[in-house]
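Thank you all for making the time this morning. I would like to walk you through one structure, going from the whole chain down to a few individual residues, so please have it open in front of you.

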Amino acid sequence: MIRSMTGYGRGESVLHDRTITVELRAVNNRYLDCSVKIPRLYVFAEETIKSQVQKKVARGKLDVFVTIDSTAADKVAVSLNRPVADGYYAALTQLRDTYDLRDDISVSLLSRFPDVFLVEKEQGDADVIAQDISQVLDLALEDFNAMRTREGAKLAEDVRSKAGNIAALLAKVEERSPKTVAEYREKLRQRMEEVLANTQLDESRILTEAAIFADKVAVDEETVRLHSHLEQLEDMLSQGGAIGRKLDFLIQEFNREANTIGSKCSDVEMARLVVEIKGEIEKIREQVQNIE
């Protein structure tokens with residue numbers, strides 16, 4: 001199966017009290033260009049994400065968006081800020097002794113003062129978080145590749161259709177090519193009859209000129225190669241995989257043969273057929289740009 005380079009995929013899951021969402025968006029690109037957008041707190045997972053993407057995607061400009069809602073997973077550590085608490089207690093004790101006040105220093109009283117307690121978020125285990133992100137990324141990649149595969153099937157169908165059109169036009173070229181030689185021979189005969197009037201024609205001269213013309217306009221080699229390229233195109237489509245660049249090179253060969261046939265055109269009908277063939281080749285080339 002072949003895949004389109006363009007696509008979208010999404011994965012979401014709640015793991016270790018974190019809601020992790022991964023979205024993938026890709027457009028055409030000659031090579032794989034992966035960009036990761038992830039909260040700074042989890043940037044340590046960026047290289048793992050890129051490595052995982054490279055195993056599943058061959059080409060395209062791919063943006064990976066990672067969002068993590070860790071509210072439920074947030075844990076705090078509360079500890080006594082002993083120096084601050086000691087300072088408040090010493091000040092309260094001094095205040096009591098200085099003004100002969102009733103001793104009502106209590107835990108409740110001290111706890112109300114600012115910074116008596118230190119409240120800190122506990123950092124999660126980086127390896128666990130990276131594995132969780134990787135797990136959700138797998139879901140997103142599965143969705144992403146499923147969409148690209150569906151689009152790839154449509155691309156393959158369209159390319160096959162246009163290749164069929166080329167084969168049909170090529171058959172007309174092969175049918176027309178010998179007729180141009182026969183027509184040339186007949187026109188040559190008529191011109192020589194007009195020039196020579198009643199003089200007997202040199203049949204061998206006519207045959208020689210016709211043979212020279214036939215050699216100049218012969219497109220047998222080009223049509224044979226084009227048929228071979230069409231077979232190779234079908235083999236690649238059937239084989240599947242990351243064949244986009246190979247197809248691009250193959251289409252260049254299509255164009256080369258079509259241009260050669262065009263340069264040998266001897267009449268309007270042949271020229272029209274070649275223009276149509278080149279039009280179909282161009283349509284295939286445009287579709288190939290979308291294939292991974």
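The accessible surface of the protein comes to about 17,300 Å², and carbon and sulfur atoms account for 50% of that area. Please keep in mind, here and throughout, that this is a predicted model. Of the 292 residues in the protein, 35% are buried. If we take the contacts between residues at least 6 apart in sequence, we find that 79% of them join residues at least 24 apart.

As to the secondary structure, the protein has 8 helices and 6 strands, and, read along the sequence, these follow the pattern β-β-β-α-β-β-α-α-β-α-α-α-α-α.

Let me begin with helix α1, which covers residues 46-56 and whose buried residues are Ile49, Gln52 and Val53. Looking down the axis of α1, one sees these buried residues fall within an arc of 100 degrees, so they line one face of the helix. The face turned away from that buried side carries Glu47, Gln54 and Lys55, which are exposed.

Further along the chain, I would draw your attention to helix α7, residues 244-263, and helix α8, residues 268-288, which pack with their axes 10 Å apart and at an angle of about 170 degrees. An angle over 145 degrees counts as roughly antiparallel, and α7 and α8 are therefore roughly antiparallel to each other. What kinds of residue make up the contact of α7 with α8? They divide into 10 nonpolar, 4 polar and 3 charged. On the α7 side they include Leu247, Ile251, Phe254 and Asn259, and among those they meet in α8 are Val274, Ile277, Ile281 and Arg285.

Staying with helix α8 for a moment, Ala271 also lies in this helix, and Ala271 is partly exposed, with a relative accessible area of 32%. Although Ala271 and Val173 are 98 residues apart in sequence, their C-alpha atoms are 9.4 Å apart in space.

Finally, I turn to Glu222, which is placed in helix α6, residues 220-239. Is this charged side chain's residue buried or exposed? At a relative accessibility of 5%, Glu222 counts as buried, because the cut-off for that class is under 20%. Leaving aside residues up to four places away in sequence, Glu222 touches Glu257, Thr260, Ile261 and Lys264. The C-alpha atoms of Glu222 and Asn259, which are 37 residues apart along the chain, are separated by 9.6 Å.

Terms used. Residues are numbered from 1 along each chain as its sequence is written. This is a predicted model: local features need pLDDT of at least 70, side-chain atom pairs count only at pLDDT 80 or more; totals for chains, interfaces and linings use all residues. Side-chain values use heavy atoms; hydrogens and water are left out. Buried means under 20% relative accessible area, exposed over 50%, partly exposed in between (1.4 Å probe, protein chains only). Helices (H or I, at least four residues) and strands (E, at least two) are DSSP runs, numbered from the N terminus. The arc is that of the directions from the helix axis to the C-beta atoms. Axes are lines fitted to C-alpha atoms, for helices over the stretch in contact, and angles run from 0 to 180 degrees between N-to-C directions. Angles under 35 degrees count as roughly parallel, over 145 as roughly antiparallel, 65 to 115 as roughly perpendicular and the rest as oblique. Contact means heavy atoms within 4.5 Å. Ala, Val, Leu, Ile, Met, Phe, Trp, Tyr, Cys and Pro count as nonpolar, Asp, Glu, Lys and Arg as charged, and the others, Gly among them, as polar. Accessible areas come from the Shrake-Rupley method with a 1.4 Å probe; for residues, only the protein chains shown count as cover.
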